Amino acid sequence: MPNLGAGVDQHVNLAATPTWVFTPTPNAPATIRLFNEGRNTVFVGQANVSPSNGFPLAPNGKIEMSNVTQTIYACSICQGGAAGATTLTAAATTAGTSTFTVSSGAGFAVGSTLLLGGPTSSEAVSVSGLAGAVVTTGTPTLYDHVLSSPVTVATLSIGQLRVTAGVI
Amino acid sequence: MPLAAPVSTTAVTNSPTVMLVNTSAATFTASSYNRDFVITNGGTATIYVGSFTAVTSATGFAVVPGQQLLYQGPLTGQNSLYAVTAAGTATVYVGQGSVVSVI
């Protein structure tokens, strides 16, 4: 995202994975306004933000804040398919893993997005490689996942955020 | 006109602490007007705000001591608000961000 100067709106389409939206810079007012101009709730937080731990920003909702000290990320929501059809097998995974094994790779495809984990620890991962039941993700996972965690194809509800930095 | 008291005052610790419950028995108002609020960090520790008990100091939206977060919009779905500190306790005030004249 280019830095267009204070007060210039920037529009960010949010992926299901954490998407960078703002970094406070020296010698500039660290104020920010985030406006959800999409039709879906988005979640705002830090680099590991997910729908299970971020701040919910409803459609047409707005956050204003001064003295921002953190780099801000946000993500869209996604809904998983029917639970129980596919689960994490072979081993639990730890944060930073890029490969895991599922009970069946049927219905998965390279380029699709999967929802990995239970309701309070779920995260979206993009599939960059698939060999039978072994899934390779485009980016490392953010969280640990226990054995038998559900893995389903995710339906994305993309959100768009208007970011206005430098003025409130 | 006297200043309104905060809707809730919460001692946020390093374990996720609920600040605002989005239910029919909400602490925000009894009329389910669960929107438009100000979260003020009145403590000395940064708080990290999120929507579930899974919020951590590495994931939540940071509000530094003395700072406030102004939110205009509704709380949707089952999104209650939680906060956590990295260490220590912070007193957090949640107040209304708009005047409810007619609902």
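Let me start with disulfides: the count over all chains is 0. This is a predicted model, so keep that in mind throughout. Cys75(A) takes part in no disulfide, and the nearest cysteine sulfur, that of Cys78(A), sits 8.2 Å away. Why does Cys78(A) not bond to Cys75(A)? The two sulfurs are 8.2 Å apart, and that is too far for a bond. The cut-off here is 2.5 Å. As a reminder, a disulfide is a covalent bond between the sulfur atoms of two cysteines.

Are these cysteines buried or exposed? Cys75(A) counts as buried because its relative accessibility is 0%. Cys78(A) counts as buried too, at 15% relative accessibility.

Next, the pocket. Cys78(A) comes back here. The largest pocket has a volume of about 450 Å³. It is lined by 23 residues, and the closest to its centre are Cys78(A), Gln79(A), Gly80(A), Leu115(A) and Ser122(A). Which strands supply at least two residues each of that lining? They are strand 8 (77-79) and strand 12 (123-131) of chain A. The largest share, 3 residues, comes from strand 8 of chain A.

Now chain A as a whole. It has 168 residues, and 46% of them count as buried. Its C-alpha atoms fill a box of roughly 50 × 30 × 25 Å along the principal axes. There are 0 helices and 16 strands.

On confidence, chain A averages a pLDDT of 83, and 90% of its residues score at least 70. Which element of chain A has the lowest mean? That is strand 9 (residues 88-89), at 76. Strand 7 (residues 72-75) of chain A has the highest, at 93. Where pLDDT is low, the predicted coordinates should not be read in detail.

On to the sheets. One open sheet draws on both chains. It has 8 strands, in the order 1(A)-16(A)-3(A)-6(A)-6(B)-3(B)-8(B)-1(B), and the pairing is antiparallel. The edges are strand 1 (10-14) of chain A and strand 1 (8-12) of chain B, each paired on one side only. From one strand to the next, the twist averages 20 degrees.

Where do the chains meet in this sheet? Strand 6 (residues 62-65) of chain A pairs with strand 6 (residues 68-74) of chain B, antiparallel, over 4 bridges. Look at Tyr71(B) there. Tyr71(B) is the bridge partner of Ile63(A). Tyr71(B) is also the bridge partner of Phe37(B). That second contact belongs to the pairing of strand 3 (residues 35-41) of chain B with strand 6 of chain B, antiparallel over 5 bridges.

Further along, at the chain B edge, strand 1 of chain B runs antiparallel to strand 8 (residues 90-96) of chain B, joined by 5 bridges. In that pair, Thr10(B) has Val92(B) as its bridge partner.

Chain B also has an open sheet of 4 strands. The order is 2-7-4-5, again with antiparallel pairing. Strand 2 (17-20) and strand 5 (61-63) of chain B are the edges, each pairing on one side only. Neighbouring strands in this sheet are turned by 35 degrees against each other on average, direction ignored. How many bridges join strand 2 of chain B to strand 7 (residues 81-85) of chain B? There are 3, in the antiparallel sense. Within that pair, Val18(B) stands opposite Tyr82(B).

How values were computed
Residues are numbered from 1 along each chain as its sequence is written. Chains are lettered from A and ligands numbered from 1 in the order in which they are written. This is a predicted model: local features need pLDDT of at least 70, side-chain atom pairs count only at pLDDT 80 or more; totals for chains, interfaces and linings use all residues. Side-chain values use heavy atoms; hydrogens and water are left out. pLDDT is the predictor's confidence in each residue, from 0 to 100. Buried means under 20% relative accessible area, exposed over 50%, partly exposed in between (1.4 Å probe, protein chains only). Two strands pair if DSSP finds at least two bridges between them. Axes are lines fitted to C-alpha atoms, for helices over the stretch in contact, and angles run from 0 to 180 degrees between N-to-C directions. On a 1 Å grid over the protein atoms alone, a cavity is a set of points where a 1.4 Å probe fits but cannot get out, and a pocket is an open set with protein on both sides within 12 Å along at least five of seven lines; lining residues have an atom within 4 Å of a point. Grid points are joined across faces, edges and corners, and a volume is the space filled by probe spheres set on the points.
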